Amino acid sequence: MVFEKIKLILSNQFDVDINSITPSTDLLNDLGADSLDLVDMLMSLEDEFNIGEVPDEMVEKMHMIPAHSLAEAIEKAKGLAGEGAKIAAIPDGVSVMVTK
């Protein structure tokens, strides 16, 4: 399951108990993510799910995305375009850019 993998990545990166990460976990307020943390997390997600590179201009907006939205976006990208689908964050959620 995508969310379980995301929990593991977040737990390892932010050195928190995996059980403390819920669907509503906020990357900024709950985990204290800064821009470097977000870049590292995105690289881990890109590698784990083979989702393609997230555009740099979207990285700063990622802190506003709850953990469950990341899982939903990855699942949506995989369903729409399979391997290599790209994910982009927007302030009020996550959208998927489908590219081949």
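**Exercise 1. The overall layout**

Work out how many helices and strands the chain has, and in what order they come.

*Solution.* Start with the count: the chain has four helices and two strands. Keep in mind that this is a predicted model. Next, walk along the sequence, and you get the pattern α-α-α-α-β-β. Now ask how much of the chain is tucked away. Of its 100 residues, 42% are buried. Then look at the outside: the accessible surface is about 5400 Å², and carbon and sulfur atoms own 51% of that. Finally, check how far along the sequence the contacts reach. Take the contacts between residues at least 6 apart in sequence; 57% of these join residues at least 24 apart.

**Exercise 2. Helix α1 up close**

Find the length of α1, list its buried residues, and say what happens to the backbone just after it.

*Solution.* Step one is the length. Helix α1 has 13 residues and spans 18 Å from its first C-alpha to its last, close to the 18 Å expected at 1.5 Å a residue. Step two is burial. The buried residues of α1 are Val-2, Phe-3, Ile-6, Lys-7, Ile-9, Leu-10, Ser-11 and Phe-14. Step three takes you past the end of the helix, to Asp-15, which sits in the loop between α1 and α2. Asp-15 has a positive phi near 55 degrees, and it isn't a glycine. Is Asp-15 buried or exposed? Its relative accessibility is 71%, so it counts as exposed.

**Exercise 3. Two salt bridges**

Track down the two salt bridges and decide what each one links.

*Solution.* First, the idea: side chains of opposite charge can pair when their charged atoms come close. The count here is two.

- Pair one is Lys-7 with Glu-4, at 4.0 Å from N to O. Both partners lie in helix α1 (residues 2-14), three residues apart, or about one turn of the helix. That spacing suits a pair, because an α-helix has 3.6 residues a turn and residues three or four places apart point the same way. Now compare the burial classes. Lys-7 has 11% relative accessibility, so it counts as buried. Glu-4 has 40%, so it counts as partly exposed.
- Pair two is Glu-48 with Lys-5, at 3.7 Å from N to O. Glu-48 is in helix α2 and Lys-5 is in helix α1, so this pair ties together parts that are 43 residues apart in sequence. Glu-48 is partly exposed at 40% relative accessibility, and Lys-5 is partly exposed too, at 38%.

**Exercise 4. The nonpolar core**

Describe the largest nonpolar core and say which element gives the most residues to it.

*Solution.* Here's the background: in soluble globular proteins, nonpolar side chains tend to be buried together. In this chain, the largest nonpolar core has 21 residues. The ones with the most contacts inside it are Ile-6, Leu-10, Leu-27, Met-41, Leu-45 and Phe-49. Next, sort by element: α1, α2 and α4 (67-81) each give two or more residues. The top contributor is α1, with six residues. To see the core from one spot, zoom in on Ile-6. Leaving aside neighbours within four places in sequence, Ile-6 touches Leu-45, Phe-49, Leu-70, Ala-71 and Ile-74.

**Exercise 5. A nonpolar patch on the surface**

Name the residues that make the nonpolar surface patch, and place Leu-36 in the chain.

*Solution.* The patch covers about 270 Å² and is made by Leu-36, Val-39 and Met-43. Leu-36 belongs to helix α2 (residues 35-49). Its relative accessible area is 55%; exposed means over 50%, so Leu-36 counts as exposed.

**Exercise 6. Far in sequence: how far in space?**

For Gly-32 and Phe-14, and for Met-1 and Glu-75, set the distance in sequence beside the C-alpha distance.

*Solution.* Take Gly-32 first. You'll find Gly-32 in the loop between α1 and α2, partly exposed with a relative accessible area of 46%. Gly-32 and Phe-14 are 18 residues apart in sequence, and their C-alpha atoms are 8.2 Å apart. Beyond its neighbours within four places, Gly-32 is in contact with Leu-27 and Asp-37.

Now go to Met-1, in the segment before α1. Met-1 is exposed at 69% relative accessibility. Met-1 and Glu-75 are 74 residues apart along the chain, yet their C-alpha atoms are separated by 9.3 Å.

Terms used:
Residues are numbered from 1 along each chain as its sequence is written. This is a predicted model: local features need pLDDT of at least 70, side-chain atom pairs count only at pLDDT 80 or more; totals for chains, interfaces and linings use all residues. Side-chain values use heavy atoms; hydrogens and water are left out. Patches are made of residues with over 30% relative accessible area and no salt bridge: like charges are joined within 9 Å, nonpolar side chains (Val, Leu, Ile, Met, Phe, Trp, Tyr) within 5 Å. Accessible areas come from the Shrake-Rupley method with a 1.4 Å probe; for residues, only the protein chains shown count as cover. A salt bridge is a side-chain nitrogen of Lys or Arg within 4 Å of a carboxyl oxygen of Asp or Glu. Buried means under 20% relative accessible area, exposed over 50%, partly exposed in between (1.4 Å probe, protein chains only). Contact means heavy atoms within 4.5 Å. The expected span of a helix is 1.5 Å times one less than its number of residues. A nonpolar core is a set of buried Ala, Val, Leu, Ile, Met, Phe, Trp, Tyr and Cys residues joined through side-chain atoms within 4.5 Å.
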